Amino acid sequence: MSDCLFCRILRREVPATIVYEDADVLAFKDIFPQAPVHLLLVPKLHCDGLNDLSPEVLAVVPRIMEIAARLAGEQGIAQSGWRLLANCGEHAGQTVFHLHFHLLGGKPLGGKLCQ
């Protein structure tokens, strides 16, 4: 999708601080971090969100979980704890409609996700 922000990051049209990349996944720092460590992990194939998983994107999702755990270790938050979440739709807070997962940690995050 040509106007998708994350597709534009994938094409290097928009700068990002990339921390991981392979053939299927890109991980980069969130520009509005909600925790000391706040990374976004995105499949390279465009998919609007969890309601729109194609078989090709679905095959990448387990790898994203594995990559998140590896990045948590590299970022020094594996032992203290970290959160991996995906928002699906406007009411959940999704603002970029390209499937992505937030990796958060580096401080106590608390038990509540809603205010």
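## Surface, fold and salt bridges of a predicted model

The accessible surface of the protein chain is about 6800 Å², and carbon and sulfur atoms account for 54% of that area. Please keep in mind throughout that this is a predicted model.

Let us start with the overall fold. The protein chain contains 2 helices and 5 strands, and along the sequence these elements come in the order α-β-β-β-α-β-β. The radius of gyration is 14 Å, close to the 13 Å expected from the globule rule for 115 residues, so the protein chain is as compact as a globular protein of that length. The C-alpha trace spans about 35 × 30 × 25 Å along its principal axes. Of the 115 residues, 38% count as buried. Among the contacts between residues at least 6 apart in sequence, 54% join residues at least 24 apart.

What does the surrounding of Ile64 look like, and which residues does Ile64 touch? Ile64 is found in helix α2. With a relative accessible area of 0%, Ile64 is buried, because the cut-off for buried is under 20%. Leaving aside residues up to four places away in sequence, Ile64 touches Val25, Leu41, Pro43 and Phe101. For one of these partners, Phe101, the C-alpha atom is separated from that of Ile64 by 8.2 Å, although the two residues are 37 apart along the chain.

Now to the charges. The protein chain carries 10 positive and 12 negative side chains, and the centres of the two sets lie 9 Å apart. Side chains of opposite charge can pair when their charged atoms come close. In this model the count comes to 7 salt bridges. The table gives three of them, including the N to O distance for each pair.

| Salt bridge | N to O distance |
|---|---|
| Arg8 and Glu13 | 3.6 Å |
| Arg11 and Glu13 | 2.9 Å |
| Lys44 and Glu21 | 2.7 Å |

The pair of Glu21 and Lys44 links distant parts of the chain, 23 residues apart: Glu21 sits in strand β1 (residues 18-21), while Lys44 lies in the loop between β3 (37-43) and α2 (55-74). Both ends of this salt bridge can be described by their accessibility. Glu21 is partly exposed, with a relative accessible area of 37%, and Lys44 is partly exposed at 29%.

How are Arg8, Arg11 and Glu13 linked? These residues form a network of salt bridges, in which Glu13 pairs with Arg8 and also with Arg11. Glu13 has a relative accessible area of 46% and is partly exposed. Arg8 counts as partly exposed at 32%, and Arg11 counts as partly exposed at 40%. These values all fall between the cut-offs, under 20% for buried and over 50% for exposed, so Glu13, Arg8 and Arg11 are placed in the class in between.

To bring the two settings together: Ile64 in helix α2 is buried at 0% relative accessible area, whereas Glu13 is partly exposed at 46%.

Methods. Residues are numbered from 1 along each chain as its sequence is written. This is a predicted model: local features need pLDDT of at least 70, side-chain atom pairs count only at pLDDT 80 or more; totals for chains, interfaces and linings use all residues. Side-chain values use heavy atoms; hydrogens and water are left out. A salt bridge is a side-chain nitrogen of Lys or Arg within 4 Å of a carboxyl oxygen of Asp or Glu. Buried means under 20% relative accessible area, exposed over 50%, partly exposed in between (1.4 Å probe, protein chains only). Helices (H or I, at least four residues) and strands (E, at least two) are DSSP runs, numbered from the N terminus. The radius of gyration is taken over C-alpha atoms; the globule rule is 2.2 Å times the number of residues to the power 0.38. Contact means heavy atoms within 4.5 Å. Accessible areas come from the Shrake-Rupley method with a 1.4 Å probe; for residues, only the protein chains shown count as cover. Lys and Arg count as positive and Asp and Glu as negative; His and the chain ends are not counted. The place of a charge is taken as NZ of Lys, CZ of Arg, CG of Asp or CD of Glu.
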